[in-house]
Amino acid sequence: MLERRPDQQPAPVGAVGDFTDWSPDVHPLRARIDGTRTTAAPHPDGATAAHGYLAAGDYWFSAT
């Protein structure tokens, strides 16, 4: 599961990476009751994935 706090990005935001061909529309983060945004991005067990986040206005930020 990929997660961001609401103060970390403008809305909307999507998880992007080599598993989405870097498209923010594949795994958009959805708001939870506690204010965080999450998405599930499946990939093979033991595999590593390059990823980050892309928010509205072409605002890129890292996964950390």
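# Reading strand S2 and the loop that follows

Analyst: Trp22 is placed in the loop between S2 and S3. The model is a predicted one, and this loop is a convenient point of entry.

User: What is the phi of Trp22, and is this residue buried, partly exposed or exposed?

Analyst: Phi of Trp22 is near 65°, which is positive although the residue is not a glycine. Trp22 is partly exposed, because its relative accessible area is 39%, a value between the cut-offs of 20% and 50%.

User: Which sign does phi take at Asp21, and is Asp21 buried or exposed?

Analyst: Asp21, also not a glycine, has a positive phi of about 55°. Asp21 is found in the loop between S2 and S3. Its relative accessibility is 68%, so Asp21 counts as exposed.

User: Is Thr20 buried or exposed, and which residues does it touch?

Analyst: Thr20 is likewise found in the loop between S2 and strand S3 (27-28). At a relative accessibility of 6%, Thr20 counts as buried. Leaving aside residues up to four places away in sequence, Thr20 touches Ala15, Val26 and His27. A loop position therefore has to be read residue by residue: Thr20 is buried, Asp21 is exposed and Trp22 is partly exposed.

User: How should one place this loop within the whole protein? How many helices and strands are there?

Analyst: The protein has zero helices and seven strands; from the N terminus, the order of elements is β-β-β-β-β-β-β. The protein has 64 residues, of which 33% count as buried. Its accessible surface comes to about 4,200 Å², with 53% belonging to carbon and sulfur atoms. Among contacts with a separation of 6 or more, 62% are between residues 24 or more positions apart.

User: How does one read the two faces of a strand, and which residues of S2 point which way?

Analyst: In a regular strand, side chains alternate between the two faces of the sheet. In S2, Val13, Ala15 and Gly17 point one way, while Gly14 and Val16 point the other way. Five of the five residues of S2 are buried, so this strand is largely enclosed by the rest of the structure.

User: Which strands pair with S2, and in which sense?

Analyst: S2 pairs with S6 in the antiparallel sense, over five bridges. One of the partners is Gly52 in S6, which is bridged to Val16. S2 and S3 also run antiparallel and are joined by two bridges; here Gly14 stands opposite Pro28.

User: How is a nonpolar core to be understood, and which residues form the largest one?

Analyst: Nonpolar side chains tend to be buried together in soluble globular proteins. The largest nonpolar core in this model has six residues: Val13, Ala15, Leu29, Tyr53, Ala55 and Phe61. Strands S2 (13-17) and S6 (51-55) are the elements that give two or more residues to this core.

User: Which residues does Val13 touch?

Analyst: With residues up to four places away in sequence left out, Val13 touches Pro28, Leu29, Arg37, Tyr53, Leu54, Ala55 and Phe61. Of these partners, Ala55 deserves a further look.

User: Where does Ala55 lie, and what separates its C-alpha atom from that of Val13?

Analyst: Ala55 lies in strand S6. The C-alpha atoms of Ala55 and Val13 are separated by 4.0 Å, although the two residues are 42 residues apart along the chain. Ala55 counts as buried because its relative accessibility is 6%, and the cut-off for a buried residue is under 20%.

Methods
Residues numbered from 1 in each chain as written. Predicted model: local features only at pLDDT ≥ 70, side-chain atom pairs only at ≥ 80, totals over all residues. Heavy atoms only, no water. Core = buried A, V, L, I, M, F, W, Y, C linked by side-chain atoms within 4.5 Å. Buried < 20%, exposed > 50% of the residue type's maximum accessible area, 1.4 Å probe, protein only. Helix = DSSP H or I, 4+ residues; strand = E, 2+ residues; numbered from the N terminus. Contact = heavy atoms within 4.5 Å. Areas by Shrake-Rupley, 256 points an atom, 1.4 Å probe, with all protein chains shown as cover. Pairing = 2+ DSSP bridges.
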